[in-house]
Amino acid sequence: MRVRLGQIWQAVRYLLVGGATSMLAVFALCGLLLVTAMCAVFGLGLPVVPEAMRVIRLLPGLERRRVARALGVPVPEAYRPVTGPLSQQIRTVLADPATPRDIAWLAVHAFTGILAAGGAVGLPLATLNQALIPTYWYLLPNGAPSSFDYQVTSWPLAMVSVLVALLYGGLTLLLPAAARKQAQFARWLLKPAEGVMLQDRVAELTATRAAALDAHGAELRRIERDLHDGTQARIAAVIMQLGIAEQMRGRDLDTAFDLVRKAQDTAMSALAELRDVVRSIYPPVLSDRGLDGAVTALAARCPIPCELDLAQVGRRPAAVEAAAYFIIAEALANVTKHSGAGHVSIGLDAAEDRLLITVGDDGRGGADEALGSGLAGIRRRVEALDGDTALSSPVGGPTVLRVELPCGS
């Protein structure tokens, strides 16, 4: 009994909120009709269309969240990004498959939501009233009015009101089903059209893969430049020095030995540069010590004190470990160069098939990807692996970078 009453109370609350959103839907429809009339008659409403739809979409967005809580199933938003010149924004809004669905839901909900809310309030009150009539009808001078437009002036009529109360009670027990039907209908109408999510996903993956290819090309050019300008030049210098030493050994042995020593020093420098280039491709420390050990080594080299919170993440795919290593390295470089922080925290954790990375600092905050601080590169590297990036950096700090990398096969 207590469970059933709790379900009825939840349904009443859901339907009452639906009644409130139903009235808001009426105002939204009126505003939409006004904008449409201005566009059709005067042509003056077109500049207002993108902003009007942004405001109107707030109501379907609220309903999606209500439906997700009620049914336990998320209802994703699949709106196309409204950017660019005004003409492009208008075309995007009008061609978006979600627009007619939102308008259809507004039109239906504007009428059905108010009726459902009225039933959610009226049925329980009518049930209670009809059930109490036998206890007080004789106290009233003219009897008690019944819901079926007759006066209860005798005990037989009072008993009839009990039967009416049972009828209302049965209808009240249907309120949870009515609330669920309303939520299911809203989910059916507001969920993305079939194929839209797939198209958006394909477009997103195409963009991220293109960014990954650009980043890969830039990385290859950097490696080629480092080898050409650094290692190759030093090896050429070694060859020249050894050639001159060979020519000088019969005439000036000391000079020849000096050239050999210089050639040795130059070769060692070339080897060191070559090792740096190799590390930039795939750090050997990842193979030797795993991601935990590699991150510990990064923290040890950081000039700012680092606090480590490294869970037992185990071995991950090589691409994921390399991406995580470079993300943390770039984040620490950003903190060192730009934050003015006195303390850094690095966290590694694993959740199911995802690797979670957190880098935070107590610096001045205000980090912005548009300022070229390396954050855009981090985001591109994460998106290339279909991961997620979240940055919180209010002015005054603290700054927290959170990254999720998928590790599934």
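Is A186 buried or exposed in this structure? With a relative accessible area of 2%, A186 is buried. Keep in mind that what you're looking at is a predicted model. The protein has 409 residues, and 35% of them count as buried. Its secondary structure adds up to 12 helices and seven strands. Here's a quick tour, topic by topic.

**The overall picture**

- The accessible surface of the protein is about 23500 Å², and carbon and sulfur atoms account for 64% of that.
- Take the contacts between residues at least 6 apart in sequence: 67% of these join residues at least 24 apart.

**Helix 7 and A186**

- A186 is part of helix 7, which covers residues 175-190.
- Setting aside neighbours within four places in sequence, A186 is in contact with E63, V67 and W105.
- E63 shows how the fold brings together separate parts of the chain: E63 and A186 are 123 residues apart in sequence, yet their C-alpha atoms are 7.6 Å apart in space.
- Why does A186 count as buried? Its relative accessible area is 2%, and the cut-off for buried is under 20%.

**Aromatic pairs**

- How many aromatic pairs does the count come to? The answer is two.
- One of them joins F185 and W188: the ring centres are 5.9 Å apart and the planes meet at 40 degrees, so this pair is tilted.
- Both F185 and W188 sit in helix 7, three residues apart, which is about one turn of the helix.
- F185 has 36% relative accessibility and counts as partly exposed, whereas W188, at 52%, counts as exposed.
- Y325 and F326 also form an aromatic pair, this one edge-to-face, with 5.5 Å from centre to centre and 80 degrees between the planes.
- Y325 is buried, at a relative accessible area of 9%, and F326 is buried too, at 17%.

**R66 and the ring of Y14**

- You'll find R66 in helix 3, which spans residues 58-71.
- Where does the charged end of R66 sit? It lies over the ring of Y14, 4.0 Å from the ring's centre.
- R66 counts as buried, with 6% relative accessibility.
- Leaving out residues up to four places away in sequence, R66 touches Y14, V17, G18 and T21.

**Strands 3, 4, 5 and 7**

- Strand 3 (residues 306-310) and strand 4 run parallel and pair over five bridges.
- Within that pairing, C306 stands opposite V344 of strand 4.
- Helix 11 (residues 318-339) joins strand 3 and strand 4 in making up a β-α-β unit, and this unit is left-handed.
- Strand 4 (residues 344-351) also pairs with strand 5 (residues 354-361), here in the antiparallel sense and over eight bridges.
- Two of the facing positions are worth finding on screen: I346 has V359 of strand 5 as its bridge partner, and A350 stands opposite L355 of strand 5.
- What do strand 4 and strand 5 form? They make a hairpin with two residues between them.
- In the turn of that hairpin, E352 has a positive phi of about 55 degrees.
- Strand 5 is joined to strand 7 (residues 399-406) as well, through eight bridges, and these two strands run antiparallel.
- L355 has L405 of strand 7 as its bridge partner, so to speak on top of facing A350 of strand 4.

**T389 in strand 6**

- T389 belongs to strand 6, which runs over residues 388-392.
- T389 is buried, with a relative accessible area of 19%; the cut-off for buried is under 20%.
- Which residues is T389 in contact with, leaving aside its neighbours within four places in sequence? They are R379, V382, L401, R402 and V403.
- Among these contacts, L401, R402 and V403 fall within strand 7, residues 399-406.

Terms used:
Residues numbered from 1 in each chain as written. Predicted model: local features only at pLDDT ≥ 70, side-chain atom pairs only at ≥ 80, totals over all residues. Heavy atoms only, no water. Phe/Tyr/Trp six-rings, centres within 6.5 Å; stacked < 30°, edge-to-face > 60°. Helix = DSSP H or I, 4+ residues; strand = E, 2+ residues; numbered from the N terminus. Buried < 20%, exposed > 50% of the residue type's maximum accessible area, 1.4 Å probe, protein only. Lys NZ or Arg CZ within 6 Å of the ring centre and 35° of its normal. Contact = heavy atoms within 4.5 Å. Areas by Shrake-Rupley, 256 points an atom, 1.4 Å probe, with all protein chains shown as cover. Pairing = 2+ DSSP bridges. Right-handed = clockwise from strand over helix to strand, strands pointing away.
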